[in-house]
Amino acid sequence: MKFNYSWITTRDFISETPANVFRRELEEANLKNCGIKNHYALFRRRFNLASIENVSIRISADDYYKLYVNGSFVCQGPAQAYYFSYNFNETDISHFLRIGENEISVLVCYQGSINREWCSGDNRQGMIADIFQGSKLLFGTDSTWEYAILRNRTHFENSYGTVTSESIDFRISDLTFENALVDNRDDHIFKDTPVEPVEVYELKPVEIRKLGAGEYFIDMGFEVAGSLSMTVQGVRGQKVTISYGEEAENDRAIFEMRCDCRYLDEHILSGGVDTLDYFTYKAFRYINISTDIDNLDSSTFRIVARNHHFKEKIALESDIKYLLEIWQICRNALKVGTQEAFLDCPTREKGQYLGDFTVSGLAYLYLTGDAEIYRKTLFDFADSAKICPGLMAVAPSGYMQEIADFSLQYPLQLLNYYKYTGDKETVRQLLPTVMGVLDFFHSFERPDGLIEGEIGKWNIVDWSPNFRDGYTLPNEREGFIPCHNVLNAFYIGAMQAENELAGIIGESPRHDIEPYKTAYINAFYNPETGLFCDLEDKTHSALHSNALPAYFGILPDENHILSLIKEKGLSCGVQFSYFVLKALANLGEYEAELKLITNESDHSWVNMLREGATTCFEAWGKSEKWNTSLCHPWASSPIIAIVEDLAPRFPDRIHIVPIN
């Protein structure tokens with residue numbers, strides 16, 4: 001898609017040359033960026049209309065915009081993307097317009113940090129828009145637009161480079177406008193179709209309690225993504241402090257959060273009427289407001305939430321203890337964690353991880369039937385093949401991270417999409433990406449077909465390392481990767497998935513799987529114990545080394561492996577639990593699968609409930625990791641297991657109910 005009008009930017013960026021932030025993870029960065037961070041530009045255009053029917057805007061910006069028409073918020077975007085495959089939005093603005101003079105204003109933020117949230121730090125800043133009435137092009141972005149730089153906001157970033165604090169000094173309010181500059185060198189290449197913007201809406205707290213003069217405590221009742229908006233008038237220079245937290249103690253939100261975010265904003269008042277309107281968002285349950293203004297008007301407090309359009313297609317009915325509550329915390333995490341992309345968490349990284357998508361994408365697909373955002377994610381990661389055909393682990397973003405285990409799950413993700421949608425055309429479009437992934441790993445095959453070597457990607461096995469059930473992997477992040485079980489199990493699984501995808505569109509399979517299975521069994525199976533081992537020395541058998549061959553159908557002896565899986569239970573991380581649950585299902589052990597989901601051990605979803613979860617956690621418990629996120633959709637595998645395995649086998653006790 002090509003815009004009719006031009007990319008416009010500011011004086012700060014017009015002479016900057018785009019910087020290439022894209023590279024292999026282990027390659028040395030050679031960035032030549034301008035060093036500007038937290039740059040806010042307000043673009044505007046006044047115009048007259050004799051009719052306000054059927055007026056729409058096509059818009060994009062880099063890094064991110066908020067669109068206002070006549071002072072009213074309309075939408076925000078675009079979804080994060082690489083500049084060579086960039087997103088845009090389209091929306092009807094008719095009901096924001098009036099006969100006569102109107103104004104469009106667009107607040108554009110360029111963050112400037114290399115992180116997982118946006119493709120920033122690359123010197124690309126600005127916006128582009130076309131405005132239509134019906135099919136008639138009215139006007140668009142050019143040098144008749146004006147811009148001003150906002151200098152009243154400061155950011156605090158966590159160690160991941162994402163914004164966790166946004167403070168506003170309302171005393172700095174003077175804006176000097178000048179004509180926008182047309183950037184004829186702009187190199188954004190736009191996708192063919194628009195992306196749906198996130199939904200932005202208001203939520204009512206469960207409780208707003210006044211603690212004292214100018215002191216308030218707000219409890220949302222559950223975790224949300226968004227921010228607080230409020231109107232306040234005080235003496236010039238007075239401060240209003242807002243703290244957010246996923247947890248609270250003694251009516252105080254814990255803003256120094258265990259997930260390595262600091263959610264504390266300090267705003268300075270102008271002396272007039274100031275309205276707090278954040279650009280960024282947080283994920284939280286609790287809020288504290290603190291100021292020395294006695295007559296703070298709590299009726300102006302508004303919680304502005306945001307997430308991808310979320311409309312459930314199914315619900316769960318069951319009398320099995322804990323099952324409804326587990327479904328609910330998984331459902332809530334999927335809603336909060338699905339923004340413009342499937343985020344690993346909406347607090348810390350705010351990035352879309354390939355391995356997380358195996359679980360969160362499929363669970364969301366079952367829950368909502370929303371195949372479009374699932375399909376978008378498949379193409380998001382396919383775009384990363386331009387950086388490495390073996391794919392990035394987090395995409396699209398400026399942060400380069402490569403995880404071999406995650407890359408090898410991409411064929412499975414495409415296959416799951418087809419099984420739900422029957423969409424052969426998407427399989428046809430993305431099979432070359434799948435083949436590129438397998439070709440990349442094929443170059444590291446030994447003579448027996450197993451892979452090892454200087455792959456340039458690290459092996460996660462499971463996260464965090466304390467969830468690996470003793471699986472030992474030297475040099476996991478760099479250097480020579482030895483031949484080990486998990487990576488090769490995923491390799492065989494990826495080849496099997498590619499063969500099945502090829503057959504779906506009438507192509508011949510490329511891989512003879514049986515020799516690979518034989519090599520895998522020879523390398524890792526210990527006939528004396530009847531178990532698979534982690535390494536070729538056959539000294540240790542982790543849960544992971546046996547759940548994966550059960551999942552992928554590489555089983556010389558089911559009995560011993562089944563016994564180990566039952567014994568080990570959830571001696572793994574929450575994302576890997578998907579493969580454990582599905583391994584039990586593949587072995588026909590549905591009772592064991594149900595028992596594992598509802599077990600009451602410390603490694604369980606029940607433990608999350610005991611610790612007050614309203615969304616499923618990054619780990620089984622708050623203290624399992626030093627920086628545990630309390631909203632992590634990668635723990636939502638129970639939804640998949642219930643829909644695929646348990647509801648069909650236990651119809652008297654588990655019902656999936658359609659929602660119209």
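The chain folds into 14 helices and 28 strands. What follows comes from a predicted model, with the overall dimensions first and the aromatic side chains after that.

In terms of extent, the C-alpha trace runs to about 80 × 55 × 45 Å along its principal axes. The radius of gyration comes out at 26 Å, and a compact globule of 660 residues would sit near 26 Å, so the two agree. Burial goes along with this picture: 63% of the 660 residues count as buried. The chain still exposes about 24,200 Å², and carbon and sulfur atoms supply 46% of that area. Sequence-distant contacts are well represented too. Taking contacts between residues at least 6 apart in sequence, 75% join residues at least 24 apart.

Turning to the rings, the structure holds 42 aromatic pairs. One of these is Phe217 with Tyr286: the ring centres are 5.8 Å apart and the planes meet at 15°, which is under the 30 degrees cut-off, so this pair is stacked. Phe217 belongs to strand β17 (residues 215-233) and Tyr286 to strand β23 (residues 282-291), so to speak a link between distant parts of the chain, with the two positions 69 residues apart in sequence numbering. Both Phe217 and Tyr286 are buried.

Strand β23 also supplies Phe284, which pairs with Tyr244 of strand β18 (residues 239-245); the pair therefore ties together parts that are 40 residues apart in sequence. Here the geometry is edge-to-face, because the planes of Tyr244 and Phe284 stand at 65°, over the 60 degrees needed, with the ring centres 4.9 Å apart. As for solvent, Tyr244 has 0% relative accessibility and so counts as buried. Phe284 is likewise buried, its relative accessible area being 0%.

Aromatic residues also gather in a bigger group than a pair: Phe310, Phe342, Phe357, Tyr364, Tyr374 and Tyr417 make up one aromatic cluster.

Finally, some rings have a lysine over the face. Lys350 lies over Tyr281, at 4.0 Å from the ring centre. Lys282 does the equivalent with Tyr263, sitting over the face of that ring at 5.7 Å from its centre.

Notes
Residues numbered from 1 in each chain as written. Predicted model: local features only at pLDDT ≥ 70, side-chain atom pairs only at ≥ 80, totals over all residues. Heavy atoms only, no water. Phe/Tyr/Trp six-rings, centres within 6.5 Å; stacked < 30°, edge-to-face > 60°. Helix = DSSP H or I, 4+ residues; strand = E, 2+ residues; numbered from the N terminus. Buried < 20%, exposed > 50% of the residue type's maximum accessible area, 1.4 Å probe, protein only. Lys NZ or Arg CZ within 6 Å of the ring centre and 35° of its normal. Rg over C-alpha atoms; globule rule 2.2 N^0.38 Å. Contact = heavy atoms within 4.5 Å. Areas by Shrake-Rupley, 256 points an atom, 1.4 Å probe, with all protein chains shown as cover.
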